[in-house]
Amino acid sequence: ALDEEYLGVDAQFGGVDQRKIFTFAEKYLPHLGYKKRAHLMNPMVPGLTGSKMSASDVDSKLDLLDEPKTVEKKIKKAFCEEGNVTENGVLSFVKYVLLPISSLNGKEANFTILRPEKYGGNVVYTNYEALEADFANKEIHPGRFEEVFEDPELRKLADLAYPAPVAPVKVKKEKKKHNKKPTAVDPAVTGKLHPPRLSTEAS
């Protein structure tokens, strides 16, 4: 519990499995003269590999600093068994990330599954429960989640979240021109005498 004091933070964020230590910190640290911190918790969600999310397994989670291509790669290779709604990190990602993000700025939450017309066309979900029910009934194939990045709205959101890096402008350095003429060397300095010149004029 003392880590929040020594880290100098104002708040701690963790899963609901950290509830006991957060409660302990809020109750007892002020008695030791330390300030009270805010504690934020999120639901425990399965990892993208189908098991528990782990810091040691980079493919089981999405990091805030992951590159766009890395995020897309992890989603596409994630465990997403047809009909499985209990150990499905992809569904959890839709529930706790994509749907809430889509409702920002007062908009209605929505998530679109892209499908060809011969398979029923696109499906728009405004709540997670409907999506989970269709997936459990195998009306939505796991492969459809790989195409989520083709949704124009999500692609626009990804571009805002991960702007393309601006290439630095290279400034060419001008080469300095040396126009100085070589100076004559004083024989007294070098210790060497120039050989006598022969005169061609008659004496």
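The side chains of Asp63 and Lys61 meet in a salt bridge, with 2.9 Å from N to O. This contact belongs to a predicted model, and a search of the whole structure finds seven salt bridges. The two partners differ in how far they are covered: Asp63 is partly exposed, with a relative accessible area of 32%, whereas Lys61 counts as buried because its relative accessibility is 14% and the limit for a buried residue is under 20%.

## Salt bridges

Another of the salt bridges is formed by Asp66 and Lys74, whose closest N and O atoms are 2.9 Å apart. Here Asp66 counts as buried at 12% relative accessibility, and Lys74 is buried as well, with a relative accessible area of 6%.

Glu5 forms a salt bridge with Arg37, and the closest N and O atoms of this pair are 2.9 Å apart. This pair links distant parts of the chain, for Glu5 lies in helix 1 (residues 3–6) while Arg37 lies in the loop between helix 2 and strand 2, 32 residues apart. Glu5 counts as partly exposed at 25% relative accessibility, whereas Arg37, at 6%, counts as buried.

The table sets out these salt bridges side by side.

| Acidic residue | Basic residue | Closest N and O atoms |
|---|---|---|
| Asp63 | Lys61 | 2.9 Å |
| Asp66 | Lys74 | 2.9 Å |
| Glu5 | Arg37 | 2.9 Å |

## The surroundings of His39

Arg37 appears again when we turn to His39, since the side chain of His39 reaches the backbone oxygen of Arg37 at 3.3 Å. The place of His39 is in strand 2 (residues 38–42), and this residue is buried, with a relative accessible area of 14%. The side chain of His39 also makes a polar contact with the side chain of Glu4, at 2.9 Å. Which residues is His39 in contact with, leaving aside its neighbours within four places in sequence? They are Glu4, Gln12, Phe22, Ala25 and Glu26.

## Aromatic pairs

The structure holds three aromatic pairs. In one of them, the rings of Phe24 and Tyr28 have their centres 4.9 Å apart and their planes at 45°, so the pair is tilted; the reasoning is that planes under 30 degrees apart would count as stacked and planes over 60 as edge-to-face. Both residues lie in helix 2 (residues 19–28), where Phe24 and Tyr28 are four residues apart, about one turn of the helix. Are these residues buried, exposed or partly exposed? Phe24 is partly exposed, with a relative accessible area of 42%, and Tyr28 is likewise partly exposed, with a relative accessible area of 38%.

A second pair joins Phe111 and Phe145, whose rings have their centres 6.2 Å apart and their planes at 20°, so the pair is stacked. Phe111 lies in strand 3 (residues 111–113) and Phe145 in the loop between helix 5 (128–136) and helix 6 (152–161), so the pair ties together parts that are 34 residues apart in sequence. Phe111 counts as buried at 3% relative accessibility, and Phe145 is also buried, with a relative accessible area of 4%. These two residues are part of a wider arrangement, because ring pairs link Phe111, Phe135 and Phe145 into a cluster.

## Features at the surface

Some residues of this model are exposed, and Tyr6 is one of them, with a relative accessibility of 66%. Tyr6 is found in helix 1, and together with Leu2 and Leu32 it makes a nonpolar surface patch of about 360 Å².

Lys138 is another exposed residue, at 51% relative accessibility, which is over the limit of 50% that the word exposed requires. Where in the chain does Lys138 lie? Lys138 is found in the loop between helix 5 and helix 6, the loop that also holds Phe145. The backbone of Lys138 deserves a careful look: most residues other than glycine have a negative phi, whereas phi of Lys138 is near 60°, a positive value in a residue other than glycine.

How values were computed: Residues numbered from 1 in each chain as written. Predicted model: local features only at pLDDT ≥ 70, side-chain atom pairs only at ≥ 80, totals over all residues. Heavy atoms only, no water. Phe/Tyr/Trp six-rings, centres within 6.5 Å; stacked < 30°, edge-to-face > 60°. Helix = DSSP H or I, 4+ residues; strand = E, 2+ residues; numbered from the N terminus. Buried < 20%, exposed > 50% of the residue type's maximum accessible area, 1.4 Å probe, protein only. Polar contact = N/O pair within 3.5 Å; in protein donor to acceptor, adjacent residues only side chain to side chain. Contact = heavy atoms within 4.5 Å. Salt bridge = Lys/Arg side-chain N within 4 Å of Asp/Glu carboxyl O. Patch = residues over 30% accessible without salt bridge, like charges linked within 9 Å, V, L, I, M, F, W, Y side chains within 5 Å. Areas by Shrake-Rupley, 256 points an atom, 1.4 Å probe, with all protein chains shown as cover.
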